[in-house]
Amino acid sequence: MTQTVAVLGTGKIGEALLSGMIRGGWPAAKLLVTARRPERAAELHTRYGVEAVSNAEAAKRADTLILTVKPQDMGKLLEELAPHVPADRLVISGAAGIPTAFFEERLAPGTPVVRVMTNTPALVDEAMSVISAGSHATAAHLAHAEEIFGGVGKTLRVPESQQDAATALSGSGPAYFYFLVEAMTDAGILLGLPRAQAHDLIVQAAIGAAVMLRDSGEHPVKLREAVTSPAGTTINAIVELEKHGVRAALIAALEAARDRSRELATGNS
């Protein structure tokens, strides 16, 4: 925590990281932020006591640069940064689909780059952040990234070749659960429950199921079978889910998300 860290393009995820680092003991004096709009920069300064600077100034002063802009804006940002980033800076990318080689080609030779795919539960310190090393990043660089992202949830190291799959499964994963909760809430209304009650029932069921998956150590099949009694209500629901191809649809959906992550790497917007 003696290093200076700059968060560039501080949107929701960037702010979640910033607040997580501060809660973890990172001094505000060692944190820099950049934002596209001056009023956003002023808001971050007021809220966290961090210094808001330009992208170029952040590149000159920070030991670690965390790039949290959208994938389609990353090329332009790197053009702006390249003249100011010496090869000993650690660059951490949070952009979906963009490989570390993209950064290495545009920055000084030998610049260490770490690729991280986190997700929106970072806002409530329950993120899953998947971390991969570029060709010049060392174990120390990975540990530093884990220190930063560990403040907002769990971290997992994977080879970069698995990043697109991790993006499909974990980066986009919360949206699938929200979609499922939305559909189940609508079903509850169809069955005669008020929306608020249906929502509360489904959300608590989701929280309870997630905690059991995390803490029990049991395979999800065993946990499902524990709910599924012979000739009962649950097995009838499961049969309908299988009839409608829900399992196959989920697999196809994740493959589509992975493929889109690969497309982003090629610059297709």
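The following questions and answers concern a predicted model, beginning with its sheet and ending with two backbone angles.

User: In the open sheet of eight strands, which strands stand at the edges?

Analyst: The sheet is open, its pairing is mixed, and its strands follow the order β3-β2-β1-β4-β5-β6-β7-β8. A strand with a single partner has one side left without a neighbour in the sheet, and this holds for each of the two edge strands, β3 (51–52) and β8 (153–157).

User: Which residue in β2 is the bridge partner of Leu-8?

Analyst: The strands β1 and β2 run parallel and are joined by four bridges. Within this pairing, the residue of β2 that partners Leu-8 is Thr-34.

User: Which residue in β5 stands opposite Ile-66?

Analyst: Strand β4 (residues 64–67) runs parallel to β5, and four bridges join the two. These strands, together with helix α4 (residues 71–81), make a right-handed β-α-β unit. Across the pairing, the residue of β5 that stands opposite Ile-66 is Ile-92.

User: Which residues of β5 point the other way from Leu-90 and Ile-92?

Analyst: In a regular strand, side chains alternate between the two faces of the sheet. In β5, Leu-90 and Ile-92 point one way, and although these and the residues facing the other way are all buried, the opposite direction is taken by Val-91 and Ser-93.

User: Which residue in β6 stands opposite Val-91?

Analyst: On this side of the sheet β5 pairs with β6 in the parallel sense, over three bridges. The residue of β6 that stands opposite Val-91 is Val-113.

User: How many residues does the largest nonpolar core have?

Analyst: In soluble globular proteins, nonpolar side chains tend to be buried together. Here the residues with the most contacts inside the largest core are Met-21, Ile-66, Ile-92, Val-114 and Ile-148. The elements that each give two or more residues to this core include the helices α1 (12–23) and α6 (139–149), as well as strands such as β1 (5–8) and β7 (127–133). The largest nonpolar core has 25 residues.

User: Besides Ile-148, which residue with a number above 100 is in contact with Ile-66, leaving aside neighbours within four places in sequence?

Analyst: With those sequence neighbours left aside, the contacts of Ile-66 include Val-5, Ala-6, Val-7 and Leu-8, along with Leu-17, Met-21 and Ile-92. The list also holds Ile-148 and, as the residue asked for, Phe-149.

User: What percentage of the chain is helix over the annotated dimerisation domain?

Analyst: An unreviewed UniProt entry places "domain: Pyrroline-5-carboxylate reductase dimerisation" at residues 160–264. Over these residues the strand content is 0% and the end C-alpha atoms are 15 Å apart, while the helix content is 83%.

User: How far apart are the end C-alpha atoms of residues 4–97?

Analyst: The unreviewed UniProt entry assigns residues 4–97 to "domain: Pyrroline-5-carboxylate reductase catalytic N-terminal". Over this range the chain is 44% helix and 19% strand, and the distance between the end C-alpha atoms is 27 Å.

User: Does Asp-125 count as buried, partly exposed or exposed?

Analyst: Asp-125 lies in the loop between β6 and β7, and its phi is near 60 degrees, a positive value in a residue other than glycine. Its relative accessibility is 30%, so Asp-125 counts as partly exposed.

User: Is Ala-231 buried or exposed?

Analyst: Most residues other than glycine have a negative phi. Ala-231, which is not a glycine, has a positive phi of about 55 degrees, and it lies in the loop between α10 (220–227) and α11 (233–243). Its relative accessibility is 77%, and Ala-231 therefore counts as exposed.

Note on methods. Residues numbered from 1 in each chain as written. Predicted model: local features only at pLDDT ≥ 70, side-chain atom pairs only at ≥ 80, totals over all residues. Heavy atoms only, no water. UniProt positions renumbered as here; feature names shortened; annotations may be inferred. Core = buried A, V, L, I, M, F, W, Y, C linked by side-chain atoms within 4.5 Å. Buried < 20%, exposed > 50% of the residue type's maximum accessible area, 1.4 Å probe, protein only. Contact = heavy atoms within 4.5 Å. Pairing = 2+ DSSP bridges. Right-handed = clockwise from strand over helix to strand, strands pointing away.
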